[in-house]
Amino acid sequence: MKRTNAKSVGEIITEVLRKERLDLKLDEQRALALWPRLVGAGIDQYTTARSVKNGVLTFTISSAPLRNQLMLSRTTLIQRINSIIGREVIKEIVFR
């Protein structure tokens, strides 16, 4: 018996994630993992805590001048993250 609508394992996983609404959570974690690549190792070393919830990335930055600089470039960082992921996942970045 030959199946005409066979799906790949990747397609099935994608469907299950979307059905269970886990695809957004997965993309949020991908966005969090992008941070070191976006800002580089020099800035990343000042990041002491990271989290993501409901489209808000939260970082604790141990350097006040660096925190201020990053606050000025939040919009650009959000656009770059969402561009890499391919959809709007991150809506805000909070630096503490």
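## Close-up views of a predicted model

**View A. Phe59 is buried, with a relative accessible area of 0%.** The model shown here and in the views below is predicted. Phe59 is one of the residues that touch the most other members of the largest nonpolar core. Leu57, Ile81, Ile90, Ile93 and Phe95 share that rank, and the core holds 20 residues. At least two core residues come from each of α2 (23–44), β2, α3 (64–72), α4 and β3. Helix α2 gives the largest share, with six residues. Nonpolar side chains tend to be buried together in soluble globular proteins.

**View B. Ile81 reaches partners well outside its own stretch of sequence.** Neighbours within four places in sequence are left out here. Ile81 then contacts Ala31, Leu34 and Leu38. Leu57, Ile90 and Ile93 are also in contact with Ile81.

**View C. Three strands form an open sheet with mixed pairing.** The strand order is β1-β2-β3. Strands β1 (47–53) and β3 (92–95) are the edges, each pairing on one side only. On average, neighbouring strands are turned by 15° against each other, direction ignored. Strands β2 (residues 56–61) and β3 run parallel and are joined by four bridges. Thr58 stands opposite Val94 of β3. Helix α4 (residues 74–85) lies across β2 and β3. The angle between α4 and β3 is about 130°.

**View D. Trp35, Phe59 and Phe95 form one aromatic cluster.** The structure holds three aromatic pairs. In one of them, the ring centres of Trp35 and Phe95 are 6.1 Å apart. Their planes stand at 45°, so this pair is tilted. Trp35 belongs to helix α2 and Phe95 to strand β3, 60 residues apart, so the pair links distant parts of the chain. Both Trp35 and Phe95 are buried. Phe59 and Phe95 make a stacked pair, 6.0 Å centre to centre with 25° between the planes. This pair, too, links distant parts of the chain: Phe59 in strand β2 and Phe95 in strand β3, 36 residues apart. The relative accessible area of Phe95 is 8%, so it falls under the 20% cut-off for buried residues.

**View E. Asp23, Asp27, Arg30 and Arg87 are linked in a network of salt bridges.** Side chains of opposite charge can pair when their charged atoms come close. Asp27 bridges to Arg30, with the closest N and O atoms 3.1 Å apart. These two residues are three apart in helix α2, so about one helical turn separates them. Asp27 is buried at 11% relative accessible area. Arg30 is partly exposed at 39%. Asp27 also forms a salt bridge with Arg87, with 2.8 Å between the closest N and O atoms. Asp27 lies in helix α2 and Arg87 in the loop between α4 and β3, so this bridge ties together parts 60 residues apart in sequence. Arg87 is partly exposed, with a relative accessibility of 32%.

**View F. Lys7 forms a salt bridge with Glu15.** The whole structure holds seven salt bridges. In this one, the closest N and O atoms are 2.8 Å apart. Both ends are partly exposed: Lys7 has 46% relative accessibility, and Glu15 has 37%.

**View G. Asp44 is a buried residue of helix α2.** Its relative accessible area is 17%, so Asp44 counts as buried under the 20% cut-off. Residues up to four places away in sequence are not counted among its contacts here. Asp44 then touches Trp35, Pro36, Val39 and Arg50.

Conventions. Residues are numbered from 1 along each chain as its sequence is written. This is a predicted model: local features need pLDDT of at least 70, side-chain atom pairs count only at pLDDT 80 or more; totals for chains, interfaces and linings use all residues. Side-chain values use heavy atoms; hydrogens and water are left out. Two strands pair if DSSP finds at least two bridges between them. Axes are lines fitted to C-alpha atoms, for helices over the stretch in contact, and angles run from 0 to 180 degrees between N-to-C directions. Contact means heavy atoms within 4.5 Å. A nonpolar core is a set of buried Ala, Val, Leu, Ile, Met, Phe, Trp, Tyr and Cys residues joined through side-chain atoms within 4.5 Å. Buried means under 20% relative accessible area, exposed over 50%, partly exposed in between (1.4 Å probe, protein chains only). Rings of Phe, Tyr and Trp (its six-membered ring) pair if their centres lie within 6.5 Å; planes under 30 degrees apart count as stacked, over 60 as edge-to-face and the rest as tilted. A salt bridge is a side-chain nitrogen of Lys or Arg within 4 Å of a carboxyl oxygen of Asp or Glu.
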